[in-house]
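Student: Please take one local part of this model and go through it closely. Then work outward, so I can see what surrounds it. Keep it brisk.

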Amino acid sequence: MATFVTRAQWGGRARRSSNTNITPDRGGVSIHHVGGDRVARAAHGDCAAQVRGIQNYHMDSNGWSDVAYSHLVCVHGYVFQGRGEGQRTAANGTDAGNQNWYGVCALTGGSSSSYDTITDALVDAFHLAISRLRSSGNAASAINGHRDHRATECPGNLYTLVQNGRLNPGRRSHTVRSGETLYSIGRLYGVAWESIAATNNLSAPYTIYVGQVLVIPAS
Ligand SMILES: [Zn+2]
Ligand SMILES: [Zn+2]
């Protein structure tokens, strides 16, 4: 099961400006990776600093308003909140790409023959990120790769998972019945209640109501 890490938790800087000009119902979610070298950190404790470094590069070297991606995911099964739902990305390389597609970036890289290990936890993190962009960000169901927008090797070896559907979390949903709690619903599906909360953008005190439709992330 994947864990959501808020910007406050990873020490993100405030974005310089907001841009809600995005229509992801016409596109979906595009997949990225960091790049040509192996970059996955051995210890998860080092991942937040990696995300801060990417944000600094995008803001200070590229002059962008924020980290380019909607979310970032690591091989240990964590989703780092990027620009988030409803915010236009700067990741996809074309106006149409940034208009219609969110961007989720894996903290992986390498050449095709020597690539960071694509862990099940990384796939789980993609499922949580994409479920969230769909349930509270209005993303359409398509998933593609950066290279589908412009000439680039990105997302490297992850493109196979784009093509074979492994990154697609599906669209399980649950309609809340009387007496249910996030905890009991999580037990029902074998999913951590915290993942259900993150997927549906719920925060404390996690109020749910009868008849509410919740997206259930992959376990
Ligand atoms: Zn990319
Ligand atoms: Zn990590």
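**A loop and its surroundings**

Tutor: Tyrosine 206 sits in the loop between α7 and β9. Keep in mind that the model is predicted. The phi of tyrosine 206 is positive, about 60 degrees, although the residue is not a glycine. Is its position buried, exposed or in between? Tyrosine 206 has 14 other C-beta atoms within 10 Å, so it counts as partly exposed. The cut-offs behind that label are 20 or more for buried and 12 or fewer for exposed.

Proline 205 belongs to this stretch too. It is placed in the loop that runs from α7 (193–199) to β9 (213–215). The peptide bond from alanine 204 to proline 205 is cis, with omega near 10 degrees. So two backbone details occur in the loop between α7 and β9: the cis bond into proline 205 and the positive phi of tyrosine 206.

Each detail has a counterpart elsewhere. Cysteine 154 and proline 155 are also joined by a cis peptide bond, with omega about 10 degrees. Proline 155 lies in the loop between β7 (142–145) and α5. For phi, look at asparagine 138. Its value is near 65 degrees, positive in a residue other than glycine. Asparagine 138 is in the loop between α4 and β7. It has 15 C-beta neighbours inside 10 Å, and therefore counts as partly exposed.

Now the wider frame. The domain assignment splits the protein into domain 1 (3–168) and domain 2 (172–219). An unreviewed UniProt entry lists residues 172–216 as "domain: LysM". That span is 33% helix and 13% strand, and its end C-alpha atoms lie 5 Å apart.

How do the two domains meet? Contacts link 10 residues of domain 1 with 8 residues of domain 2. On the domain 1 side, α4 supplies the largest share, 7 residues. That side divides into 2 nonpolar, 4 polar and 4 charged residues. The centres of the domains, taken over C-alpha atoms, are 24 Å apart.

Next, the cores. The largest nonpolar core has 42 residues. Val73, Val79, Val104, Leu107, Ala125, Phe126 and Ala129 touch the most other members. Elements giving two or more residues include β1 (3–5), β2 (28–35), α2 (47–61), β3 (71–73), β5 (101–111) and α4 (120–135). The top contributor is α4, with 8 residues. So α4 appears twice: it leads in this core and in the domain 1 side of the interface. Another core lies apart, with 5 residues, among them Leu182, Val191, Ile196 and Leu214.

Leucine 107 shows how the largest core is connected. Leaving aside neighbours within four places in sequence, leucine 107 is in contact with Val34, Val39, Ala40, Cys47, Gln50, Leu72, Val73, Cys74 and Val75.

That brings us to β5. Of its 11 residues, 9 are buried, so β5 is largely enclosed by the rest of the structure. Which strands pair with β5? β2 runs parallel to β5, joined by 7 bridges. Here glycine 28 stands opposite tryptophan 101. β3 is also parallel to β5, over 3 bridges. In this pairing, leucine 72 has cysteine 105 as its bridge partner. Strand β6 (residues 114–115) is antiparallel to β5, over 2 bridges. Serine 111 stands opposite serine 114 there. The connection from β5 to β6 is a hairpin through 2 residues.

One residue in β5 is less enclosed. Glycine 110 is found in this strand, yet it counts as partly exposed, because it has 19 C-beta neighbours inside 10 Å and the buried label needs 20 or more. Beyond four places in sequence, glycine 110 is in contact with Asp37, Arg38, Tyr115, Asp116 and Gly156. Valine 51 is 59 residues from glycine 110 in sequence, and 18 Å away between C-alpha atoms.

Terms used:
Residues numbered from 1 in each chain as written. Chains lettered and ligands numbered in written order. Predicted model: local features only at pLDDT ≥ 70, side-chain atom pairs only at ≥ 80, totals over all residues. Core = buried A, V, L, I, M, F, W, Y, C linked by C-beta atoms within 7 Å. Helix = DSSP H or I, 4+ residues; strand = E, 2+ residues; numbered from the N terminus. Contact = placed C-beta atoms within 7 Å. Pairing = 2+ DSSP bridges. UniProt positions renumbered as here; feature names shortened; annotations may be inferred. Domains from an automatic or database assignment. Nonpolar A, V, L, I, M, F, W, Y, C, P; charged D, E, K, R; others polar.
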